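Welcome! Take a moment to look over the sequence and the structure before reading on.

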Amino acid sequence: MHRFRKLSLNFPKPISHAFRHFSAQQTRLDNAGPVASLLTTRAVVRFRGPDTVKFLQGLLTNDVRRFGEPLGEEAASVVPTPNLPAVSTPPVYAAMLTPQGRFLYDFFVYGPARPDQRLDESGSGPGAGPDEVEVYADVDGSVVGELLETLRKYQLRSKVDIESVAEAFSCWQRYGSNLTDKSLSAEEPEACSVGWGGAVDHSGASASSGNGLGWQWHKDPRLDCLGFRGIFPSNSIPPLVEADKETDEKNFLLWRLEKGVAEGSTEIPKGEAMPLEYNLAGLNAISFDKGCYVGQELIARTHHRGVIRKRVLPLKFIDNDGNELEQKVSPGSEVMNAASGKKAGTVTTALGCRGLGLLRLEEAFRGLGSLVIQGQEDVKVQAIRPDWWPSEWFMEPQQQRAAA
């Protein structure tokens with residue numbers, strides 16, 4: 001279904017060329033300035049009812065109790081005005097696991113601004129809205145039907161309604177260069193004002209027209225370097241998305257690959273992936289003191305043991321001369337360490353000359369230039385250490401245990 005008008009790209013020639021070819025060498029989003037992508041691979045699910053937070057708290061790896069807490073005294077005293085943004089809860093990143101602790105689905109959980117913390121369309125008073133708890137989740141669109149079926153199996157007598165609202169809402173990401181916390185506060189205050197009760201600005205007012213829910217951009221809960229994320233009504237373009245700055249979702253995939261961040265039930269294999277090997281703890285998806293949830297036992301045991309031998313890493317595919325190779329590697333390809341003759345791991349995601357791989361750390365960084373694709377020995381694999389990784393992830397197993 002066509003929900004958005006296609007926006008033309010008017011980047012300078014080198015940048016638009018990069019976006020057409022998705023080349024890691026040519027695509028330098030850090031030089032392109034802030035850009036935004038409609039995430040067509042994601043969908044939105046709504047949870048509503050008095051047991052919403054309790055239901056999600058027992059299923060997800062992260063603590064979501066904040067969505068059911070009453071507004072704090074300071075927030076409750078805030079009266080929204082045209083120069084003061086609506087109050088809404090920052091999103092939480094979390095996962096749902098099998099009882100055996102294997103990954104199933106990831107969630108970005110959002111709570112809309114409370115009814116008494118946003119203005120109506122006239123801007124003259126609090127808007128109307130449901131009194132019951134309401135939570136929205138940005139999920140993998142390719143498995144949304146299966147996800148709903150799985151959630152309803154756990155629903156039992158819980159008073160919570162679960163439904164897809166993919167037609168009404170869409171997911172967006174804003175990322176690229178010069179995108180800091182300040183860019184959504186001091187430098188661009190209108191970004192904090194999606195919905196009634198925010199700063200008056202033509203782009204912000206346009207995006208919030210007819211909205212009334214207080215949707216806004218939020219810092220990506222995983223990593224600062226990923227930029228900002230939000231869900232917005234499907235009949236509008238979010239603020240700060242200029243006509244020449246909307247770009248294909250594949251560019252956000254490339255941006256994530258370079259940071260070593262997997263997303264969704266394809267990149268994080270459903271029913272197979274170990275969450276800690278896919279770095280979900282480092283991506284703020286797991287609370288180790290929230291209490292029980294489905295699959296918690298394996299996560300807690302692995303975490304307290306303190307040894308993770310394999311992790312997902314950013315990969316670059318090059319030839320013998322160090323030139324980047326486009327479209328030469330497919331997901332599922334095995335990575336070998338030519339120096340040791342041992343299997344290092346598997347490519348999980350690939351786009352152009354970039355990818356992600358689940359690799360054994362002791363093989364991934366043993367001998368510069370020793371990694372190759374099995375059966376394609378002319379394709380060398382460069383494993384990259386992400387800047388955001390904590391130093392203890394590079395320790396030897398005995399050092400990891402001591403640090404834990």
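What follows is a set of questions and answers about this predicted model.

Q: What is the average pLDDT of the chain?
A: This is a predicted model, so a good place to begin is the predictor's confidence in each residue, which is what pLDDT gives. A score of at least 70 is reached by 71% of the residues. Taken over the chain, the average pLDDT is 79.

Q: Which stretches have a pLDDT under 50?
A: Residues 1-27 stay under 50, and the model has 63 contacts for them beyond four places in sequence. Another stretch is also below 50, with 30 contacts in the model beyond near neighbours in sequence. That other stretch is residues 71-85.

Q: How far apart are the end C-alpha atoms of helix α4?
A: Helix α4 covers residues 144-155, which makes 12 residues. At 1.5 Å a residue, the helix should span 16 Å. The model agrees with this, because the end C-alpha atoms of α4 are apart by 16 Å.

Q: Why do the buried residues of α4 line one face of the helix?
A: The buried residues of α4 are Val144, Leu147, Leu148, Thr150, Leu151 and Gln155. Seen down the axis of α4, they line one face because they fall within an arc of 165°.

Q: Which strands are among what covers the buried residues of α4?
A: The cover over the buried residues of α4 includes a helix, α2 (52-57). It also includes strands: β2 (42-48), β3, β4 (103-111), β5 (134-140) and β6 (161-164).

Q: Which residue just after α4 takes a positive phi?
A: Most residues other than glycine have a negative phi. The residue asked about is not a glycine, yet its phi is about 50°. It sits in the loop between α4 and β6, and it is exposed, with a relative accessible area of 74%. This residue is leucine 156.

Q: What is the relative accessible area of glutamine 327?
A: Glutamine 327 is found in the loop between β10 (310-318) and β11 (334-337). Its phi is near 55°, a positive value in a residue other than glycine. Glutamine 327 is exposed, and its relative accessible area is 57%.

Q: Are the buried residues of α8 on the same side or on opposite sides of the helix?
A: Helix α8 runs over residues 296-305, and its buried residues are Leu298, Ile299 and Thr302. They cover an arc of only 100° around the axis, which puts them on the same side of α8.

Q: Which residues are exposed on the other side of α8?
A: On the buried side, the cover includes β3 (89-97). Just after the helix, glycine 306 takes a positive phi of about 80°. The exposed residues on the other side of α8 are Glu297 and His304.

Q: How many bridges pair β3 and β4?
A: β3 and β4 form a hairpin with 5 residues between them, and glycine 101 in the turn has a positive phi of about 85°. Leucine 97 stands opposite phenylalanine 103 in β4. The strands pair in the antiparallel sense, and the number of bridges is 7.

Q: What is the bridge partner of tyrosine 110 in β5?
A: β4 is mostly covered, as 9 of its 9 residues are buried. β4 and β5 run antiparallel and are joined by 3 bridges. In β5, the partner of tyrosine 110 is tyrosine 136.

Q: Which strands stand at the edges of the open sheet of 4 strands?
A: The order in this sheet is β1-β7-β9-β8, with antiparallel pairing. An edge strand has a single partner strand, so one side of it is left without a neighbour in the sheet. The edge strands are β1 (35-38) and β8 (218-219).

Q: Which helix gives the most to the largest nonpolar core?
A: In soluble globular proteins, nonpolar side chains tend to be buried together. The largest nonpolar core here has 69 residues, and Tyr136, Trp172, Ile268, Leu280, Val335 and Leu359 touch the most other members. With 5 residues, the helix that gives the most to this core is α6 (residues 249-259).

Q: How many residues are in the second, separate core?
A: Among the members of the second core are Val64, Leu104, Phe107 and Val109. This core is separate, and its number of residues is 28.

Terms used
Residues numbered from 1 in each chain as written. Heavy atoms only, no water. Buried < 20%, exposed > 50% of the residue type's maximum accessible area, 1.4 Å probe, protein only. Helix = DSSP H or I, 4+ residues; strand = E, 2+ residues; numbered from the N terminus. Arc of directions from axis to C-beta. Contact = heavy atoms within 4.5 Å. pLDDT = per-residue confidence, 0-100. Expected span 1.5 Å × (residues − 1). Core = buried A, V, L, I, M, F, W, Y, C linked by side-chain atoms within 4.5 Å. Pairing = 2+ DSSP bridges.
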